[in-house]
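Here is a set of short exercises to work through with the model open beside you. Try each task on your own before you read its solution.

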Amino acid sequence: MNTFTTKIDTWLMVVLVIPMLLVIGLGIYLFPNFPDEALLCWGTLLFSVGIVAAVGYPCTYTLEADQLLIRSGIVRYRIPYTTITQVDKSSSIWSGPAWSLQRIKICYGDRRFILISPQNRETFITALQSRIH
């Protein structure tokens with residue numbers, strides 16, 4: 001089995017971290033005069049971080065003996081190699097178990113597809129195509 005981790009775009013981390021820092025700052029600002037509202041800010045932040053972590057970490061792609069296993073937090077996709085019809089590079093912004101826009105579009109089954117972003121696209125594509133042909 002070969003396991004690949006997701007590539008992580010720096011800009012995406014910035015987009016996720018800046019709002020978190022703003023909410024922490026807002027809570028600190030509110031706390032002296034409005035402690036209940038500050039706690040609500042921090043609670044909402046913790047809940048949001050928990051949801052993102054639950055569905056996004058870890059994000060890995062494993063080439064098993066007879067299928068591709070995609071893990072994104074608590075979500076799992078199992079795609080048998082026999083159902084894969086096409087593998088192409090993509091930079092689509094559609095949602096998928098990926099932390100980068102340098103993606104791979106995997107078409108499988110009857111008009112289904114999934115977007116993933118392994119750290120080394122070329123190596124992953126080569127390894128996947130050797131299993132589906």
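**Exercise 1.** Find Ile28 in this predicted model and decide: is Ile28 buried or exposed?

*Solution.*
- Step 1: Locate the residue. Ile28 lies in helix 1, which covers residues 10-30.
- Step 2: Look up its relative accessible area, which is 55% for Ile28.
- Step 3: Compare with the cut-off. Exposed means over 50% relative accessible area, so Ile28 is exposed.
- Step 4: Look at the company it keeps. Ile28 belongs to a nonpolar surface patch with Val17, Leu21 and Ile24. Together the four residues have about 350 Å² of accessible area.

**Exercise 2.** Stay in helix 1 and turn to Trp11. How is Trp11 classed by its relative accessibility, and how far is its C-alpha atom from that of Ser100?

*Solution.*
- Step 1: The relative accessibility of Trp11 is 47%.
- Step 2: Values between the buried limit of 20% and the exposed limit of 50% count as partly exposed, so that is the class of Trp11.
- Step 3: Trp11 and Ser100 are 89 residues apart along the chain, yet 9.2 Å separates their C-alpha atoms.

**Exercise 3.** Describe the aromatic pair formed by Tyr61 and Phe124.

*Solution.*
- Step 1: Know what to report. A pair of aromatic rings is described by the distance of the centres and the angle of the planes.
- Step 2: Count the pairs. The structure has three aromatic pairs. In the one made by Tyr61 and Phe124, the centres are 6.3 Å apart and the planes meet at 70°.
- Step 3: Name the geometry. An angle over 60 degrees counts as edge-to-face, so this pair is edge-to-face.
- Step 4: Place both partners. Tyr61 is in strand 2 (residues 59-63) and Phe124 is in helix 3 (residues 121-132), so the pair, 63 residues apart, links distant parts of the chain.
- Step 5: Check the surroundings. Tyr61 is buried at a relative accessible area of 0%, and Phe124 is buried at 0% as well.
- Step 6: Widen the view. Ring pairs join Phe4, Tyr61 and Phe124 into a cluster.

**Exercise 4.** Which side chain makes a polar contact with that of Thr6, and which backbone nitrogen does the side chain of Thr6 reach?

*Solution.*
- Step 1: Thr6 sits in the loop between strand 1 (2-5) and helix 1.
- Step 2: With 7% relative accessibility, Thr6 counts as buried.
- Step 3: The side chains of Thr6 and Tyr61 share a polar contact of 3.3 Å.
- Step 4: The Thr6 side chain also comes to 3.2 Å from the backbone nitrogen of Trp99.

**Exercise 5.** Where are the partners of the salt bridges, and how many salt bridges are there?

*Solution.*
- Step 1: There are two salt bridges in the structure.
- Step 2: One brings together the side chains of Arg78 and Glu64, at 3.9 Å from N to O. Arg78 is in strand 4 (residues 75-80) and Glu64 is in the loop between strand 2 and strand 3, 14 residues apart.
- Step 3: Glu64 is buried, at 16% relative accessible area. Its side chain also has a polar contact of 2.8 Å with the side chain of Gln67.
- Step 4: Another salt bridge joins the side chains of Lys89 and Glu122, at 2.2 Å from N to O. This pair connects strand 5 (residues 84-90), home of Lys89, with helix 3, home of Glu122, 33 residues apart.
- Step 5: Lys89 is partly exposed at 47%, and Glu122 is partly exposed at 43%.

**Exercise 6.** Look at the backbone. What kind of peptide bond joins Tyr57 and Pro58, and what is phi of Arg111 near?

*Solution.*
- Step 1: The bond between Tyr57 and Pro58 is a cis peptide bond, with omega about -5°.
- Step 2: Pro58 is in the loop between helix 2 (35-56) and strand 2.
- Step 3: Arg111 has phi near 65°, a positive value in a residue other than glycine.
- Step 4: Arg111 lies in the loop between strand 6 (103-108) and strand 7 (112-116), and is exposed at 78% relative accessible area.

**Exercise 7.** Over which ring does the charged end of Lys105 sit?

*Solution.*
- Step 1: Follow the Lys105 side chain to its charged end, which sits over the ring of Phe113.
- Step 2: Read off the distance: the charged end is 4.6 Å from the ring centre.

How values were computed:
Residues are numbered from 1 along each chain as its sequence is written. This is a predicted model: local features need pLDDT of at least 70, side-chain atom pairs count only at pLDDT 80 or more; totals for chains, interfaces and linings use all residues. Side-chain values use heavy atoms; hydrogens and water are left out. Patches are made of residues with over 30% relative accessible area and no salt bridge: like charges are joined within 9 Å, nonpolar side chains (Val, Leu, Ile, Met, Phe, Trp, Tyr) within 5 Å. Accessible areas come from the Shrake-Rupley method with a 1.4 Å probe; for residues, only the protein chains shown count as cover. Helices (H or I, at least four residues) and strands (E, at least two) are DSSP runs, numbered from the N terminus. Buried means under 20% relative accessible area, exposed over 50%, partly exposed in between (1.4 Å probe, protein chains only). Rings of Phe, Tyr and Trp (its six-membered ring) pair if their centres lie within 6.5 Å; planes under 30 degrees apart count as stacked, over 60 as edge-to-face and the rest as tilted. A charge sits over a ring if NZ of Lys or CZ of Arg is within 6 Å of the ring centre and within 35 degrees of the ring normal. A polar contact is a pair of N or O atoms within 3.5 Å; within protein, one must be able to donate a hydrogen and the other to accept it, and residues adjacent in sequence count only if both atoms are side-chain atoms.
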